[in-house]
Structure formats: structure tokens, C-alpha cells
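Please take a look at the chain shown below. The paragraphs after it start at one residue and work outward from there.

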Amino acid sequence: VIRRELLFREGDCFDPRLLEESERLLRAHEFLAQVDIFGVPQADGGYHVVVDTQDEWSTQLDVRLALRDGFSFDGLRIREVNALGTGQVVEAFWLEREVTRDYGVAFESPQFLKTRWDMRLALGRTRAGSTVRQALAYPFRGETGRWAALQDFVREDRFFEYIDEPPDDGFSRVLLPVRHNAFDLGIVRRF
């Protein structure tokens with residue numbers, strides 16, 4: 001996983017800028033707490049490059065609690081941001097608020113099929129229906145990358161809440177089911 005993020009390979013000419021960019025790319029991973037990449041000059045004029053990383057605790061538990069009209073449990077999210085040492089994210093969630101209740105699963109791969117492509121997929125249920133989110137992206141490889149691409153799809157059923165104030169005292173909540181569909185496709189080239 002770490003080797004695929006490096007912008008240089010064994011035998012390449014030593015370029016400190018590529019080491020700095022590779023270090024910056026590695027720091028973007030949630031499961032890495034510390035990253036240090038540096039060159040050690042050798043007697044023959046070459047360099048040995050050291051890539052030193054330190055992992056972060058990769059399992060995250062998010063418990064949602066609220067204090068409105070007393071103590072209430074609003075949800076739970078559990079994420080593993082380095083599943084089996086692959087840098088992939090696996091997530092399950094259950095979230096409840098006044099009007100909404102969402103539950104589902106999500107998966108992210110920053111190196112989909114061991115390539116430079118990123119992939120995200122989330123499937124879930126809401127009170128109004130279902131939700132599907134899918135994205136495939138090829139991000140710029142640091143400041144040296146020449147092109148990037150993105151394909152993104154969202155289909156989400158939600159309730160739009162508004163408050164109706166009838167002529168008498170009081171108010172009533174009105175929930176209107178809304179389906180949000182979106183598709184994005186883009187390619188960017190740096191010159």
C-alpha cells in the first residue's frame with residue numbers, strides 16, 4: 001500500500017521534491033500517524049531512501065448521544081480505516097435524529113484493484129427509502145500529476161421537513177419525501 005503511493009522507484013534519479021510529495025501523499029491516509037521520507041547519501045554518490053511510517057489506531061467507534069428532553073442515543077458508527085492492512089475503509093452505521101433514521105454500510109479503497117484509482121461505495125436505508133452513493137476517482141498524484149478524473153453517482157431518498165402554522169395555536173410538522181439523483185463526470189488536465 002505504501003509503496004504504491006511513492007512517486008519514485010528503486011533505481012530512479014534522486015529527486016528531493018518527489019520525496020516531499022510522496023510524504024505528503026502518505027500523510028493523507030487516516031491509518032498513518034507519522035511519515036518521514038529522507039535520503040541517506042552513500043560513498044558512491046548514490047542515495048539510500050528511507051521511508052519510515054508509523055501506524056495510527058485504525059478502528060474508530062463513534063457513539064452519538066444527545067441531551068434534548070433528557071438523555072438519548074442517536075446512533076453508532078464503526079469504521080476500520082486499514083482493513084487487513086490494505087488501506088481500505090469498511091464502515092457500518094446506524095444514525096437516528098428527530099426525523100431521519102439512516103443505517104447502512106460503506107466501503108472505500110484508495111488503491112482500487114491495486115491501481116491509482118480511488119473507489120467509494122455506500123448502501124443504506126433511510127425512513128424515506130434508500131440511499132446509494134458510488135464514486136470512482138483518479139486524483140492528481142501530488143503536484144507532479146498531470147491529470148485527474150472523477151465519476152460520481154448519488155441516489156438518496158430523504159424527507160424535507162417544514163413547519164406549518166395553522167391559524168389556531170400551535171404548529172405541525174410536514175414531511176415531504178424527496179429523491180435526490182445526481183451524476184457527475186469530469187476529467188482535468190494540468191498544463
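Leucine 6 touches Ser22, Leu26, Ile37, Val51 and Arg141, leaving out residues up to four places away in sequence; contact here means heavy atoms within 4.5 Å. This is a predicted model, in which local features need pLDDT of at least 70 and side-chain atom pairs count only at pLDDT 80 or more, while totals for chains, interfaces and linings use all residues. Residues are numbered from 1 along each chain as its sequence is written, and side-chain values use heavy atoms, with hydrogens and water left out.

Leucine 6 sits in the loop between H1 and H2. Helices (H or I, at least four residues) and strands (E, at least two) are DSSP runs, numbered from the N terminus. Leucine 6 counts as buried because its relative accessibility is 9%; buried means under 20% relative accessible area, exposed over 50%, and partly exposed in between, with a 1.4 Å probe and protein chains only. One of its contacts, isoleucine 37, is 31 residues away in sequence, and the two C-alpha atoms are 9.9 Å apart in space. Isoleucine 37 in turn touches Leu6, Phe8, Leu19, Ser22, Glu23, Leu26, Val49, Val50 and Val51, again not counting residues up to four places away in sequence.

Both residues belong to the largest nonpolar core. Such a core is a set of buried Ala, Val, Leu, Ile, Met, Phe, Trp, Tyr and Cys residues joined through side-chain atoms within 4.5 Å. Of its 13 residues, Leu6, Phe8, Leu26, Leu32, Val35 and Ile37 touch the most other members. H2 and E1 each supply at least two residues of this core, and the largest share, four residues, comes from H2. In soluble globular proteins, nonpolar side chains tend to be buried together.

Helix H2 covers residues 16-27. Its 12 residues reach 17 Å from the first C-alpha to the last, close to the 16 Å expected at 1.5 Å a residue; the expected span is 1.5 Å times one less than the number of residues. At the N-terminal end, aspartate 15 caps H2, with a side-chain oxygen 3.1 Å from the backbone nitrogen of arginine 17. Which residues of H2 are buried? They are Leu18, Leu19, Glu21, Ser22, Glu23, Leu25 and Leu26. The buried residues of H2 pack against helix H1 (2-5), strand E1 (32-41) and strand E2 (47-55).

Further along the chain, arginine 77 lies in strand E4 (residues 71-80). Its side chain makes a polar contact of 2.2 Å with the side chain of glutamate 91. A polar contact is a pair of N or O atoms within 3.5 Å; within protein, one must be able to donate a hydrogen and the other to accept it, and residues adjacent in sequence count only if both atoms are side-chain atoms. Leaving aside neighbours within four places in sequence, arginine 77 is in contact with Gln60, Leu61, Asp62, Arg64, Glu91, Ala92, Phe93 and Leu95.

Two leucines in loops deserve a look at their backbone. Leucine 84, in the loop between E4 and strand E5 (89-96), has a positive phi of about 55 degrees although it is not a glycine. Leucine 84 counts as exposed because its relative accessibility is 87%. Leucine 113 lies in the loop between E6 and strand E7 (118-126), and its phi is also positive, near 55 degrees. At 66% relative accessibility, leucine 113 counts as exposed.

The last stop is strand E9 (147-164). Glutamate 156 lies in this strand and is buried, with a relative accessible area of 11%. A polar contact of 3.0 Å joins its side chain to that of arginine 158. Beyond residues up to four places away in sequence, glutamate 156 touches Ser130, Thr131, Arg133, Val178, Arg179 and His180. Histidine 180, in strand E10 (residues 172-189), counts as partly exposed at 41% relative accessibility. Histidine 180 and arginine 158 are 22 residues apart in sequence and 7.8 Å apart in space, C-alpha to C-alpha.
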